[in-house]
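Here are some exercises to work through with the model open in your viewer. Try each task before you read the solution below it.

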Amino acid sequence: MKALGPQEILKTNLPALICLLAVLGELHAPAAQNVEFPGNAAAPEAPLCLWYRQPSAKWEEALPLGNGHIGAMVFGSVPTERIQFTEHTVWTGQPHDYARPGAAKALPEMRRLLFAGRTLELRGLEKQKEAARLEAASQKQEARAKKNEAQELLKVARARQKEAEDLGLKEFMSEPLRQKAYQPCGDLWIDLAGQTQVADFRRWLDLDTAVAVTEYRCAGVAFRREAFASHPDRAVFVRLTADPPGKLDCVVRLSSPHKNSAVTAAGDTLVLRGEVETNGIRFESRAVLQVDGGNVGAAPEGLRVTGAKSLVIRVVAATNFKNYRDLTSDPAERCAALVKQSAGKSWEQLREAHVADHQALFRRVSLDLGRTAAASAPTDQRLKEFAAGNDPHLVALVFQYGRYLLIGSSRPGGQPANLQGIWNDKLRPPWDSKYTCNINTEMNYWPAEVAALGECHEPLFAALAELAESGRIVAKEHYNARGWVVHHNFDLWRGAAPINAANHGIWVTGSGWMATHLWEHYHFTQDRQFLEKTAFPLMKEAALFYADYLVEDPTTHWLVSGPSNSPEQGGLVMGPTMDHQIIRCLFQACVEVSRVLKLNAADQALVAKLGQMIPRLAPNQVGQHGQLQEWLEDKDDPKNTHRHVSHLWGVYPGWDIPWQDKKVFDAARQSLLYRGDAATGWSMGWKVNLWARFLDGDHALLILRNLLRPFGSVKGQGGLYPNLFDACPPFQIDGNFGACAGIAEMLLQSHAGEIHLLPALPKAWPSGSVKGLKARGNFTVDLAWKDGQVTTYRIRSPDPREVNVRVNGEVKTLRAERL
Ligand code: FUC
């Protein structure tokens, strides 16, 4: 078959090809898999594997591969293998500025209404307290009267808040109100017809090599498939072999769920071309077949391989996306270049380069929590048995899986890890599989520094540089402020304005929170050039926005944030606690920068101003239930078990409330107790970290136990899918990253001016070792413990210097070794 040019295919043959595709779509539905999987295949030898004795029945059982540009889900199915794949820039939409011109006009009135509501609310809350006092003194009638007065005031306060929210929705929101969605790209299918009697089936993903393998026997032939997503060669490579040789017969197909797409075959290559929408993303993917022995020929549905010893398939994909404002890349040209890049290389060379690249990152950290017999069982079984059993190795596997997933979904030059990392099979994924930055996006990057994957943080920083551009327009149009601001979501087009609804969309600290990641990267790496060239320019402008935006609260005279919200509850308010914690930490970080870099006069003046504002910011307040107040007013409900624990930001991931600040620290702990242990996946991920920061390893492990169980086993709560993907539900990758960071945080902390070894070791992990974790100050930490006590440790740095280390309850000052 002769290859057609992209325009030729799309323009001249599109209708016919779409019809063909629709028909093929039917054929593409996985053949009814009436295959039995008897046998008792042994565990793979490699120690860090996810493995199963049956193929994936669902997407959430398939095994993920990723190189930061392409994500692939390997089903390991028989008789038809499916490898579903994504390309990081296949999204709905097109370049767009979401800011609403002149929105700032509504700002003073929203604030007036909210402040008026706050005054009424304070009076209402005061009357409520009086009512309680009267009730306690058995003055029932007076108590009832006070309660009525209180209710009336609170009702009017709520009405003011509603007016502010209505005004916000009408005049202050993003244009349009919603952002765009991450998309799947295509599917690679390999039909091995006639394979119905299968024995000794097993499939696995080796985290150490990032290779997925499927093995089984059928009619006296041993079949093996291997797949990996190579970062150096930017492609997914699949190899099928049969033993005895020459027994490999299959049909290889490509398809896409996108309506406007078409597949052609040319020689040994299948080409998929499509577009997500008119004037939007156009994509291309190629699958190039190479056989050892046997033949490749045309088949009605794709390409037919007969009598081969082995088959290698190289899958590449690219789009017209150049950057968030420019769609002038040529997907065909880019695919051709990608195919060429790996063309002359053997399977062994490709695999070696991939494994070396992966291991250079993955092998930086090793974790041993002990290995029991339970660790040899298939992963789905281990998950079922974890809560009641003794399988500490599964915790180590989940930790390393988090690192694996970050390496797979976030590499320099690619998009940051989104709500599903880089993996998605849905045209309408939950929450658009975009970036929710009131917790989820940041959580994705919690393991990056401590788990020694600082490079994987880079795509987020690149996105922040772009968000500073779009967010600058939003700062101006919506707040008449300098600097840049991002609200609770962004997408490929760098939307930064408030979306969805005023009550939770108008939340101003997405930019501030993400800007603290720049500081943390510096803090961990001590990379001054990064601080000077990348971090500080973005941090100072993020801070500048708040310097312009904060207003004085007429009641307390504190500087407060608003209109904003405590993520996703309580509605639009003035002064949510989380905002002040984030702003305080960002301002402090800017002040710290001035101690490291020589700043110009303008920056010095800005930093001096930020320094002066810090003591005027609304402080953390302890409320009537012994809780840390989530809002300016003392109105928390101790029965509230909402998944967001935003006001605890200052404990983790922030550094606003270290353990030395006992009163506020204890109140924060009390707040977490009130919130309870049950939650969605990501919320549990957060709580593991929080209990680690509260220095309570047993409680952190209790939360991990709640998370490390099959999703669905406890109604209304998160858990893990068989492939260990986190279930919010549905699948959201944040919980994987939250758990990974939390496990590290249980073993090592460095936010409070010292390196703390085993700050939150649970009793259930009496002995173990960890090597290669990172501490702030550019230290690499190895340690081993026995009977709950550190037995050996080593602190290394490229810049050996004195450091305080808390070990077995004592603080020692020692000199780090040279790394
Ligand atoms: C926030 C959370 C939801 C979900 C969504 C993507 O809105 O409250 O639980 O994680 O992000």
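**Exercise 1. A proline in a loop**

In which loop is the place of Pro-176? Then describe the peptide bond that leads into Pro-176, and do the same for Pro-730.

Solution. Keep in mind that this is a predicted model. Start by placing the residue: Pro-176 sits in the loop that runs between α4 (140-171) and β5 (186-191). Next, look at the bond from Glu-175 to Pro-176: the peptide is cis, with omega near 0°. Now move to Pro-730, in the loop between β25 (726-727) and α20. The bond from Pro-729 to Pro-730 is also cis, again with omega near 0°.

**Exercise 2. Two helices and their spans**

Check the end-to-end reach of α14 and α20 against what 1.5 Å a residue predicts. Where does α14 bend?

Solution. Take α14 (residues 528-549) to begin with: for its 22 residues the expected span is 32 Å, and the distance from its first C-alpha to its last is 29 Å, which is close. Then follow the axis of α14: there is a bend of about 50° at Ala-535, and a proline, Pro-537, comes within four residues after it. At the start of α14, look for a side-chain oxygen of Asp-527, which comes to within 3.2 Å of the backbone nitrogen of Gln-529.

Now α20 (residues 734-747). With 14 residues at 1.5 Å each step, α20 should span 20 Å, and its end C-alpha atoms are indeed 20 Å apart, so the two values agree. Is α20 largely enclosed or largely open? Count its buried residues: 14 of the 14 are buried, so the rest of the structure largely encloses α20.

**Exercise 3. Around the ligand**

Which residues surround the ligand, and which classes do they fall into? Then find side chains that put a polar atom by a ligand oxygen.

Solution. Begin with the shell: the residues around the ligand are Leu-419, Trp-431, Thr-436, Asn-440, Glu-568, Arg-643, His-644, Trp-682, Cys-728 and Gln-732. Sort them by class and you get four nonpolar, four polar and two charged residues.

Next come the distances. For His-644, a polar side-chain atom is 2.6 Å from an oxygen atom of the ligand. Arg-643 has a polar side-chain atom 2.9 Å from a ligand oxygen, and for Trp-682 the distance to a ligand oxygen is 2.9 Å. To finish, look at the cover: the ligand taken alone exposes 290 Å², and the protein buries 95% of that.

**Exercise 4. Buried or partly exposed?**

Assign a burial class to His-231, Thr-80 and Asp-425, then find a partner in space for each of them.

Solution. The cut-off you need is that buried means under 20% relative accessible area. His-231 is in the loop between β8 (221-230) and β9 (235-243). At 13%, His-231 is buried, and a polar atom of its side chain lies 3.2 Å from the backbone oxygen of Asn-67.

Thr-80 belongs to strand β4 (residues 80-87). With a relative accessible area of 6%, Thr-80 is buried. Its side chain makes a polar contact of 3.1 Å with the side chain of Asp-191.

Asp-425 is placed in the loop between α8 (392-409) and β18 (435-436). Its relative accessibility is 23%, so Asp-425 counts as partly exposed. In space, its C-alpha is 7.9 Å from that of Trp-59, although the two are 366 residues apart along the chain.

**Exercise 5. Positive phi without glycine**

Asn-500 and Asn-808 both have a positive phi. Where do they sit, and how accessible are they?

Solution. Asn-500, which is not a glycine, has a phi of about 70°. Its place is in the loop between β19 (489-490) and α12 (502-505), and at 22% relative accessibility it counts as partly exposed.

Asn-808 is not a glycine either, and its phi is about 50°. You'll find Asn-808 in the loop between β31 (802-807) and β32 (810-815). Asn-808 is partly exposed at 38% relative accessibility. As a last step, measure across to Leu-758: Asn-808 and Leu-758 are 50 residues apart in sequence, and their C-alpha atoms are 8.1 Å apart in space.

How values were computed: Residues numbered from 1 in each chain as written. Predicted model: local features only at pLDDT ≥ 70, side-chain atom pairs only at ≥ 80, totals over all residues. Heavy atoms only, no water. Helix = DSSP H or I, 4+ residues; strand = E, 2+ residues; numbered from the N terminus. Expected span 1.5 Å × (residues − 1). Bend = angle between axes of the 7 residues up to and from the residue. Polar contact = N/O pair within 3.5 Å; in protein donor to acceptor, adjacent residues only side chain to side chain. Buried < 20%, exposed > 50% of the residue type's maximum accessible area, 1.4 Å probe, protein only. Near = heavy atom within 4 Å. Areas by Shrake-Rupley, 256 points an atom, 1.4 Å probe, with all protein chains shown as cover. Nonpolar A, V, L, I, M, F, W, Y, C, P; charged D, E, K, R; others polar.
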